[in-house]
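Work through the following exercises with the sequence and the coordinates open. Each task is followed by a solution in steps.

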Amino acid sequence: MLIRTPLVIILLLALSAARAVNAQITDPLPAPVEKRGLMVEIRDVVRLPRTSELRPADQDVNPASWARVSFVRDLPDGRRFANDSRGFLYLLNSDAEPSVYADVGAAFPHAVYHRNESGFIGFEFHPAFAQNGLFYVVHCERAPGNPGTPDFIPPGYTEADVMHHNVITEWRANDPTASTFDGTRRELLRVAQVVTNPAHPFGYLGFNPTSEPGDPDYGLLYTSGSDLGFSNGRGPNANNPGQTQRLDSVVTAILRIDPRSPSESNGTKGLGDYTIPAINQFAADGDPDTLGEIYAYGFRNAHRLSWDLTDGTMFAADVGMNHIEEINIVHEGRNYGWMAREGYWENGVIRPGGALNQLFELPADVLDGRTADEFTYPVAIYDHSEGQAITAGFAYHGRIEALRGKFVFGDLVRGRLFAADLAAMKAADDGIPRTVAPVEEIQLYVRNANGSRVYVSFRELIERANGATAPRADMHLSRSLDGEIFVTSRRDGMIRMLVPDGG
Ligand SMILES: [Ca+2]
């Protein structure tokens, strides 16, 4: 008895611990994201031209959309640009109507436009554009009949499996001061997608804006990090956790590349016609089985990156599966968990017989940070009671006093705007999975003809502009050169801005 009793107790403890580890979660964050007094004015800046009939209706994800804006970018010389993912890159002068800077769609006859993130997805100017005329474009193409050859096909697949190509190109303007593009193009990278939909393509290209000439990562191009549809991109090749959690593949990885051709840099060639930065951790690890272009990995769809302009902290907004939307602080070399983790839970797909839409509790010692696992966890999260897909997010240090020291982000589908305290987010980057910054909702308002505040939701603004209901907001955020926030939609083509009260 003296021996058996403790054994029974130990067994019972072990069983209850196992039960706790196995608990499936249906409502991961029961507390709603609430408004707590943050109120910000939003104003129209300019509306892009209507392109509803540009593409055949059966090839356009939403023919009713006025224009499909996903990025606004400022050059240091004051010029402002925005894209319509139906194919145009516009120059926005403050004193004139938007004008087409480059007809990106015309350059890519195999492009597809039938998904939310398709067509002319994103662009970014080289920080030395004024001198070198370089900018970068990412777009999506169909594979059948495509003369292009992918530089990367996910491991285990062949060209016969390829459904779409996700392509990054460099454009070189002969005259960087010209108001329309004239110049040349060079393909940097062509990545194959083998799931039915071109889900979660590379969608973002960017340079670290806090990097100065002479800094180690000046002129290095970062990409979004995504699972290339291996979660829910549909078809027989989707739902495949075996394509994630590996370093011999770009799947789930944020890449950092020197966009120069090795013929120009004399450096090491990457998968495509670009150079692997010698400073990259996975380039310098002496391991031939890790891809040197990988910066960090384990993202489902980290479709937007940003940097805190005051201290260079790098953020990734990672769209979740069925439950958790994440803001992550990105450190080189780290593994952010997908498909093994979603938020600070285990995703069910890695369990025998489990599924992508399941979440399970982590063991308490891991959740509390007493026992470290191999993953890095988000610093702010919300669940699918509150939204469905996270937008970009930015550390805000601009003119709106109420938002200073906050991280501003939102939900792409519902069009809700959120904020979290920036210091709390940085404090949550502590190696403890369960510590995350609280999230609150921002109340938007406009001014009526009398100058009075009128409280609005972003979706109401879209619906007023379009004169039609908007089943989803398709909201995106961008940041101006001086650190202010643009709010755009792929529905109404209007570029709006958050502004100081009455200012
Ligand atoms: Ca934490």
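**Exercise 1.** Decide whether Gln358 is buried or exposed, and list what it touches outside its own stretch of sequence.

Solution. In this predicted model, the relative accessibility of Gln358 is 18%. The cut-off for buried is under 20%, so Gln358 counts as buried. Next, place the residue: Gln358 lies in the loop that runs from β22 (345–347) to β23 (359–360). Its side chain comes to 3.0 Å from the backbone nitrogen of Ala355. Then set aside residues up to four places away in sequence; Gln358 touches Gln24, His323, Glu346, Asn347 and Gly348.

**Exercise 2.** Work out the strand order of the open sheet that contains β22 and β23, and name its edge strands.

Solution. The sheet has four strands in the order β1-β23-β22-β21, with antiparallel pairing. Its edge strands are β1 (24–25) and β21 (341–342), each of which pairs on one side only. Inside the sheet, two bridges join β22 and β23 in the antiparallel sense. Across this pair, Glu346 stands opposite Phe360 in β23. Glu346 is also one of the residues that Gln358 touches.

**Exercise 3.** Describe the open sheet that contains β5 and β6: what are its order, its edges and its twist?

Solution. Four strands follow the order β3-β4-β5-β6, and the pairing is antiparallel. The edge strands, each pairing on one side only, are β3 (69–74) and β6 (99–103). From one strand to the next, the twist averages 25°. For the register at one edge, take β5 (residues 88–92) and β6, which are antiparallel and joined by four bridges. Leu91 has Ser99 in β6 as its bridge partner.

**Exercise 4.** Which residues of β26 are buried, and which way do they point?

Solution. Start with the count: five of the five residues of β26 (residues 406–410) are buried. Now sort them by direction. Lys406, Val408 and Gly410 point one way, while Phe407 and Phe409 point the other way. The general rule behind this sorting is that side chains in a regular strand alternate between the two faces of the sheet. In β26, residues pointing either way are buried.

Then add the neighbouring strands. β25 (residues 394–395) pairs with β26 over two bridges in the antiparallel sense, and Phe394 has Val408 as its bridge partner in β26. β26 is also joined to β27 (residues 417–421) by five bridges, again antiparallel. Here the bridge partner of Lys406 is Asp421 in β27. The hairpin of β26 and β27 has six residues between the strands, and Gly415 takes a positive phi near 75° there.

**Exercise 5.** Identify the atoms that coordinate the calcium ion, and give their spacing along the chain.

Solution. The donors are Ala428 (O), Asp430 (OD), Ile432 (O), Thr435 (O) and Thr435 (OG1), at 2.3 to 2.7 Å. Thr435 thus appears twice, through O and through OG1. Along the chain the donors follow the spacing A-x1-D-x1-I-x2-T. To finish, check accessibility for two of these residues. Ile432 has a relative accessible area of 28% and Thr435 has 26% relative accessibility. Partly exposed covers values between 20% and 50%, so Ile432 is partly exposed, and so is Thr435.

**Exercise 6.** Why do the buried residues of α7 lie on the same side of the helix?

Solution. The buried residues of α7 (residues 458–466) are Phe458, Leu461 and Ile462. They cover an arc of only 100° around the axis, so they sit on the same side of α7. An α-helix has 3.6 residues a turn, so residues three or four places apart point the same way. Now look for the cover: it includes β2 (35–47), β28 (439–447), β29 (453–456), β30 (475–479), β31 (485–489) and β32 (494–499). After α7 comes Gly467, whose phi is positive, near 65°.

**Exercise 7.** Locate Gly483, and decide whether it is buried or exposed.

Solution. Gly483 belongs to the loop between β30 and β31. Its relative accessibility is 8%, so Gly483 counts as buried. With neighbours within four places in sequence left aside, Gly483 is in contact with Tyr396 and Gly398. As a distance check, Gly483 and Thr268 are 35 Å apart, C-alpha to C-alpha, and 215 residues apart in sequence.

Conventions: Residues numbered from 1 in each chain as written. Predicted model: local features only at pLDDT ≥ 70, side-chain atom pairs only at ≥ 80, totals over all residues. Heavy atoms only, no water. Buried < 20%, exposed > 50% of the residue type's maximum accessible area, 1.4 Å probe, protein only. Polar contact = N/O pair within 3.5 Å; in protein donor to acceptor, adjacent residues only side chain to side chain. Contact = heavy atoms within 4.5 Å. Donors = N, O, S within 2.8 Å, 3.2 Å for Na, K, Ca; no water. Pairing = 2+ DSSP bridges. Axes fitted to C-alpha atoms, helices over the stretch in contact; angles between N-to-C directions. Arc of directions from axis to C-beta.
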